Amino acid sequence: FPPSGGWYDRKDPTHPFRYVIDLTLFAAMGTPGGGRAFITPRLLGHFILIGFTLLDDDNMCKIFQTIMEWKFGLDNYPQEVTGIAKKLVAGTLEMYKGAAEKLLPTPLKVHYTFNLRDFAKVIFGILLLDWKSCDGANR
């Protein structure tokens, strides 16, 4: 990137060509709309586009349950806490889906869009709990 190998320096009066060497550029974006701008075909022509579908509930639960069980095992959480990883993920998924359904974006609050990152923040927030502070599954 860029395909021409660089660009001309317009600030220098002689306009020398500046080469760009060993650069890999990654970019991510959501679908246009809701406050996100459209990208021109001219700019898109410089990138390789990869699209991902949303995870289904079973895969999302399996991924985050595996992460929670690994962390609980690594930090020697009590067994009764380790055993509720599936329930924690399922409860978080239920709350996530409810928030995404009820808290829709509005013209004044276009930032009300929920995605996998929000789900992950809740799970990783749970994992911040120190095992010494954990009295058991009832707390």
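This note covers helix H2 and three residues with positive phi in a predicted model.

1. Helix H2 runs over residues 57-74 and so comprises 18 residues, and the distance from its first C-alpha to its last is 26 Å, which is close to the 26 Å expected at 1.5 Å a residue.

2. The buried residues of H2 are Met60, Cys61, Phe64, Gln65, Met68 and Phe72. They lie on the same side of H2, because the arc they cover around the axis is only 120 degrees. As background, residues three or four places apart point the same way, since an α-helix has 3.6 residues a turn.

3. The other side of H2 carries the exposed residues Asp58, Lys62, Trp70 and Leu74, whereas the buried residues of H2 pack against three helices, namely H3 (79-82), H4 (85-102) and H5 (116-126).

4. Just after H2, the backbone at asparagine 76 adopts a positive phi of about 55 degrees.

5. Histidine 15, which is not a glycine, nevertheless has a positive phi of about 50 degrees, and this residue is found in the loop between strand E1 (6-8) and strand E2 (17-19). With a relative accessible area of 38%, histidine 15 is partly exposed.

6. Aspartate 22, likewise not a glycine, has a positive phi of about 55 degrees, and its place is the loop between E2 and helix H1 (41-44). The relative accessible area of aspartate 22 is 79%, and the residue therefore counts as exposed, the cut-off being over 50%.

Definitions and conventions: Residues numbered from 1 in each chain as written. Predicted model: local features only at pLDDT ≥ 70, side-chain atom pairs only at ≥ 80, totals over all residues. Heavy atoms only, no water. Helix = DSSP H or I, 4+ residues; strand = E, 2+ residues; numbered from the N terminus. Expected span 1.5 Å × (residues − 1). Buried < 20%, exposed > 50% of the residue type's maximum accessible area, 1.4 Å probe, protein only. Arc of directions from axis to C-beta. Contact = heavy atoms within 4.5 Å.
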